[in-house]
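Hi,

Here is the structure I promised to pass on. Have a look at it first, and my notes on what turned up follow below.

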Amino acid sequence: MSNPLLDTSSLPRFAEIRPEHALPAVTELIARHRRKLADLLELEEASFDALVTPLEEMSHELGRVWSPVGHLQAVLEDPAWRDAYNECLPMLTEHGTEMSQNKALQQAFERIAKALPEEAPEARRTLVEHALRDFRLAGVALPEAEKTEFRKIMQELAAVQAQFDQHLQDATDGWHFHTEDESDVAGLPEQTLERAREEAVAHQSNGWWLTLDYPTYQAVMTHAGNRELRKAFYKAWSTRASDQGGDPRWDNSANIEKILALRHRAAALVGFNNYAEYSLATKMAARTGDVIDFLNELAARTRESAQKELDTVQEIAPQALEAWDAAFYLEKLKQQKYSIADEELRQYFPATKAQTGLFELAAKLYGVSLRKADDIEGWHPTVDYFHVLDERGSIIGGFYTDLYARHGKRGGAWIDECIVRKNLGGDKVHPVGYLVCNFSPPGSSGVSLLTHNDVVTLFHEFGHMLHHLLTRVDYPSLAGINGVPWDAVELPSQFMENFAWSYDVLQRSSSHIVTGEPLPRELFLRLERSRHFGAALAMLRQLEFALFDFRVHAEFDPARGSRVLEVLKRVREDVSLIEHPDYNRLPHSFSHIFAGGYAAGYYSYKWAEVLAADAFAAFEEAGIFDKQTATRFRAEILEIGGSRDIMDAYVAFRGRRPTLDALLRQSGIGKAA
Ligand SMILES: [Zn+2]
């Protein structure tokens, strides 16, 4: 086969794949799939095996061919890859829309659902249910006029949401603070100052030129000794893209109104009372009241601890705390109390040692072993490949690791699917993934040293990877992380983070770069105590965001408009301990919910955290390496992908529904500070 992207017989041939292969491969595949779909819809009798199985094959194949393209454009510094990716994207989107809007396909699924026997395997029933649900949510089943309206709303929404983001970007870029007086910037980290000096030079200026990007804002709020500077940054940040901000052209007020009204109307068209209900149709949380109760209870139980934290901070502040003071004095107090330095911890965590400790943990919990394969080529010399073997020594999957930062590689840490597991009509394929981080590259000694935060990140991503690798679901659309509700998908990853806070695990994952000693217990205890510091205030802040997001979508009333500031005010009265000035316009820059995919879904962060902490508590109760508990966690959570109702699965693992206790305990909330 001449186009290596279309060769799906084994792992991607990274050494041969070039950007110019992308467009022809995707074009050919989509054309082939279109013909295939047309043939399938001609079938006299649509049955699961005759229709759904080939559809699963097709989406598996498309995912398999496209995966290296999406991956390489993110990890390689090569504009040609980005161009190739962007060139293909519209075709894929169009193809996706064509499938999800296909009325004939929807009707075929309806016939299959009716004909599906009672005793059909749960995965089959779930697959058909999900498909019908998604058709409904996309408005496919609507009468023609409403269907057209629905489609128009979706297009308009996409445009207004994009404009929301654009305004926010312009408002952020449009502000800066310039000074030539060193005392103005006292306390800021060297990294921030260095950038500010470079910016000043770039603007043919002297001194320091601070911009309003998040890292700079964060550094100023946490470290700037100059209170006026913090206040200026706070005001600029919290009024971005609003009627209180600098430029009226960037005011997002009208966009917010439009977005909420359009979402509400779209939800109503497909049969929901509001957009919050629409959002929950694909999530683990069942009813809007459940989410509100969940957030309120968490807030109520956090409040006292948060008040105590705030009082302690107030003690060291020379004046009454304002919104721009809390982070600064919190950091000061943290340094006084724990004086724990990233650099000190780093000496104990060579990346390879942390990885070894993590793999040992996987072996202990799940009986899987990981074997490095030297004969498998990646996309960069520092990329490794690991086979995953079961207890009998058979390969059940594999993954690439690409751990170090380098120029042109996208920031952050993530995992992605290279190959999704499938087992369709005797054609069985093992799952393969990519695990990508941006740790400091190995220095002259050839060793990369991780901070403890990096170690936690590595464990987190490996948790996602295990979810992808250990799945036993045969259908790709429900295997691994596919089909898993948004508010549950972070369960396996946040669960794994907990092990990076266990001394037993850290001891085996650390080795001092000079002495070879494991992390001393005394240092670990200091680290552990610092974990809880400020946790209650941070929790309340997240709950404020989550409650605002959820209520503003649930309480929208077309007759009265969004009343966002009113809702925000009420939420803050309920949960916030820190007084915000009247000019504060949080909604206008809340792009997670107004431009991104978190609409009526911001609570998911906390929801998954509660599950993860509660699941880990089961391990703490039985001993964190308890084989039985681990086997149950693997069978009920990691292996099932999206094939079962997650709450049922969770109850099967835990013997009861999740409670908030573990997360509160883990965050040190509820006991004396
Ligand atoms: Zn994650």
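Which side chain meets Arg32 in a salt bridge? The partner is Glu61, at 3.3 Å from N to O. Bear in mind throughout that this is a predicted model.

Glu61 sits in helix α2 (residues 48-75) and Arg32 in helix α1 (residues 22-42), so the contact ties together parts that are 29 residues apart in sequence. Glu61 is partly exposed at 23% relative accessibility, and Arg32 is partly exposed too, at 32%.

Helix α2 has another pair to show you. Glu57 forms a salt bridge with Lys422, and their closest N and O atoms are 2.6 Å apart. Since Glu57 lies in helix α2 and Lys422 in strand β7 (residues 422-424), this one ties together parts 365 residues apart in sequence. The two ends differ in setting: Lys422 is buried, with a relative accessible area of 6%, while Glu57 counts as partly exposed at 25%.

Further along the chain, Arg654 and Glu621 meet through their side chains in a salt bridge of 3.1 Å, N to O. Here the link runs between helix α25 (residues 646-654), which holds Arg654, and helix α23 (residues 604-622), which holds Glu621, with their positions 33 residues apart in the sequence numbering. Arg654 is buried at 13% relative accessibility, whereas Glu621 is exposed at 59%. There is also a network: Arg551, Glu555, Glu566, Arg570 and Asp574 are joined by salt bridges that share partners. In the whole structure, the search finds 45 salt bridges, so you will have plenty to browse.

Now for the metal. The zinc ion takes its protein donors from His460 (NE2), His464 (NE2) and Glu490, the last of which appears twice with OE atoms, and the distances run from 2.1 to 2.7 Å. Along the chain, these donors follow the spacing H-x3-H-x25-E. His460 belongs to helix α16 (residues 452-469), while Glu490 is in the loop between α16 and α17 (491-497), 30 residues apart from it.

What makes the arrangement around the zinc ion irregular? The 4 donor atoms subtend angles of 52 to 143 degrees, and a tetrahedral label would need all angles between 85 and 135 degrees. As for the surroundings, His460 is buried, at 12% relative accessible area, and Glu490 is partly exposed, at 24%.

Cheers

Key:
Residues are numbered from 1 along each chain as its sequence is written. This is a predicted model: local features need pLDDT of at least 70, side-chain atom pairs count only at pLDDT 80 or more; totals for chains, interfaces and linings use all residues. Side-chain values use heavy atoms; hydrogens and water are left out. Donors are N, O and S atoms within 2.8 Å of the metal (3.2 Å for Na, K and Ca); water is not among the atoms, so sites may look incomplete. Four donors count as tetrahedral if all angles lie between 85 and 135 degrees; four count as square planar and six as octahedral if opposite donors are over 155 degrees apart and all others between 65 and 115; anything else is irregular. Helices (H or I, at least four residues) and strands (E, at least two) are DSSP runs, numbered from the N terminus. Buried means under 20% relative accessible area, exposed over 50%, partly exposed in between (1.4 Å probe, protein chains only). A salt bridge is a side-chain nitrogen of Lys or Arg within 4 Å of a carboxyl oxygen of Asp or Glu.
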